[in-house]
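Work through these exercises with the model open beside you. Each one sets a task and then solves it step by step.

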Amino acid sequence: MTHHDRLLIIDFGSQVTQLIARRLRELSVYCEIHPFQNVTDAFIAEFKPKAVIFSGGPSSVFADGAPMPPKSVFELGVPILGICYGQQVMMHLLGGKVERGHGTAEFGRTYVTPKDTQLALLEGWFDDDREQVWMSHGDHVSEIAPGFDVYGTSPNAPFAITADTQRKFFAVQFHPEVHHTPNGKKLYENFVRLSGFTGDWTMGAYRDDAIAKIREQVGDKKVICGLSGGVDSSVAAVLIHEAIGDQLTCVFVDHGLLRLNEADEVVSMFRDHYNIPLIHADETDLFLNALEGVSDPETKRKTIGKLFIDVFQKYANEIDGAEFLAQGTLYPDVIESVSFSGGPSVTIKSHHNVGGLPEKMGLKLVEPLRELFKDEVRALGRELGLPDHFIGRHPFPGPGLAIRCPGEITRDKLEILRRADAVYIDQIRKHGLYDDIWQAFVAILPVRTVGVMGDDRTYDYACALRAVTSVDGMTADYFPFSHEFLGETATRIINEVQGINRVTYDITSKPPGTIEWE
């Protein structure tokens, strides 16, 4: 791999640790996340970081076995930034004091105000004499470590920003990586500048390194790629094809849970446009028969996941010499299934395309996008020459429409859902809103409602429209459609889609909800 200056992120279990990496990559800085338990003295000596960031986390420094870095990290002579729990760890290990909550906890938006002393880390901050930040802490620093000074305070965090400028040790109680700290990127920009990074990490560099890694890993063996037709698996397929050519065969599993005309579009694009060997595995009946009568969302996912493996095994056996399975797994998939690199964060929900497949299939795994966020995958796709209209498509889940059909799945409900979704997306495109939205879709609800059409009484399904804005998929807000748009869209769906007589709009944010309904 091309040599880059490296920044080490020590993960203490925060759900948003990966967002730190995303912010740094936006600044063209190469970084790696490693869980605290893997960061030993020997690891640090081999890694040779140019700077270190301590993530947040759910633990208390007072807990038995509380996550801690090796003390040698403070002796490297490189800049360190501690975030939330990371700040508390720094103070705890360097001679300060941390206390339990006792009424000083802060969760959500708050404001930090500056002290009089200037700090290079905060250049570009406090133009309005305060900065909005996102807090999420119970314990708090009650006494800063020797050598540190205070540079910012919040109502419940008198040491919200502290620093030892001699050693270039910085510590903040808030989370600058999240979207709700609007000027957080500037703080990271200042930190990497103070650390001496040259910004040599780009998607072009990632592409070259990924191709080299794929060739080294695969050698002259064959690879099968699970192609869903979405952006992630498509970028993975084109990247791997560029690395190993016809050693790659794509298997497109048509599970009968795709959007309107999607299967035909996928087959046409990859066979005709990219000339990539493609097997169209139409297994609609297999999947839908297995899902008959199933309403529990986890059971749906696991049923689809198991059949996905079975179908892949069937077609893998037909490809002589196939030893590798390629997937378009991304960071958010990993963090919501198991913590990245084995770190201590919490499982949210299972993903059918993460974990377990290679062992069950007897294939080794190739996941060239595993460390990327969606926006980075799109940037990589542009590097690979994929068309913008395709790169800009909204995310689509692996289990497809199964998780947009709460309750029991039937072929009739799926057909109604496909047609309603097509009308909704058409409306969004016609109004020029598609690129302003992270993800939009229709969910068909497991309830029927009474309606009136003409002189007749109807008893049809209700549906929910969902559209969210997001930077990374980790947090999301609903898109603020006008009432005119919603009224026009509801009228079109009810008039054009037989089987729906009521339309609602979901205005839940993430958190507390998820983007998908199941």
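**Exercise 1. Describe how strands E13 and E14 pair, and follow the chain between them.**

Solution. This is a predicted model.
- Start with the two strands. E13 covers residues 248-254 and E14 covers residues 278-282. They run parallel, joined by 5 bridges.
- Pick out partners. Aspartate 254 is bridged to aspartate 282 in E14. Valine 251 stands opposite isoleucine 279 of E14.
- Now trace the path. The chain leaves E13, passes through H7 and enters E14. This β-α-β crossover is right-handed.
- Look at the helix itself. H7 lies across both E13 and E14. Its direction makes an angle of about 165° with E14.

**Exercise 2. Place E13 and E14 in their sheet, and find which strands form its edges.**

Solution.
- List the order. The sheet has 5 strands, arranged E14-E13-E12-E15-E16. It is open, and its pairing is parallel.
- Find the edges. E14 and strand E16 (364-366) each pair on one side only.
- Add the twist. From one strand to the next it averages 30°.
- Add another helix. Helix H9, residues 297-316, lies across E12 (222-226), E13, E14 and E15 (322-326). H9 runs at about 140° to E13.

**Exercise 3. Describe the second largest pocket: its volume, its lining and the elements that contribute.**

Solution.
- Take the volume. The second largest pocket holds about 580 Å³ of space.
- Count the lining. 25 residues line this pocket. Arg259, Leu260, Glu265, Arg393 and Arg429 lie nearest its centre.
- Assign the elements. Those giving two or more residues to the lining are helices H7 (262-273), H13 (388-391) and H14 (411-430), and strand E17 (439-453). H7 is also the helix of the crossover from E13 to E14.
- Sort by character. The lining has 11 nonpolar, 6 polar and 8 charged residues.

**Exercise 4. Examine the backbone at lysine 48, proline 511 and proline 512.**

Solution.
- Recall the background. Most residues other than glycine have a negative phi, and most peptide bonds are trans.
- Check lysine 48. Its phi is positive, about 55°, although the residue is not a glycine. Lysine 48 sits in the loop between helix H2 (41-47) and strand E3 (51-54).
- Check proline 511. The bond from lysine 510 to proline 511 is cis, with omega near -15°.
- Check proline 512. The peptide bond joining proline 511 and proline 512 is cis, with omega about 15°.
- Locate the prolines. Proline 511 belongs to the segment after strand E20 (500-505). Proline 512 is in the segment after E20.

Terms used: Residues are numbered from 1 along each chain as its sequence is written. This is a predicted model: local features need pLDDT of at least 70, side-chain atom pairs count only at pLDDT 80 or more; totals for chains, interfaces and linings use all residues. Side-chain values use heavy atoms; hydrogens and water are left out. On a 1 Å grid over the protein atoms alone, a cavity is a set of points where a 1.4 Å probe fits but cannot get out, and a pocket is an open set with protein on both sides within 12 Å along at least five of seven lines; lining residues have an atom within 4 Å of a point. Grid points are joined across faces, edges and corners, and a volume is the space filled by probe spheres set on the points. Helices (H or I, at least four residues) and strands (E, at least two) are DSSP runs, numbered from the N terminus. Ala, Val, Leu, Ile, Met, Phe, Trp, Tyr, Cys and Pro count as nonpolar, Asp, Glu, Lys and Arg as charged, and the others, Gly among them, as polar. Two strands pair if DSSP finds at least two bridges between them. A crossover is right-handed if, with the strands pointing away from the viewer, the path from the first strand over the helix to the second runs clockwise. Axes are lines fitted to C-alpha atoms, for helices over the stretch in contact, and angles run from 0 to 180 degrees between N-to-C directions. Contact means heavy atoms within 4.5 Å.
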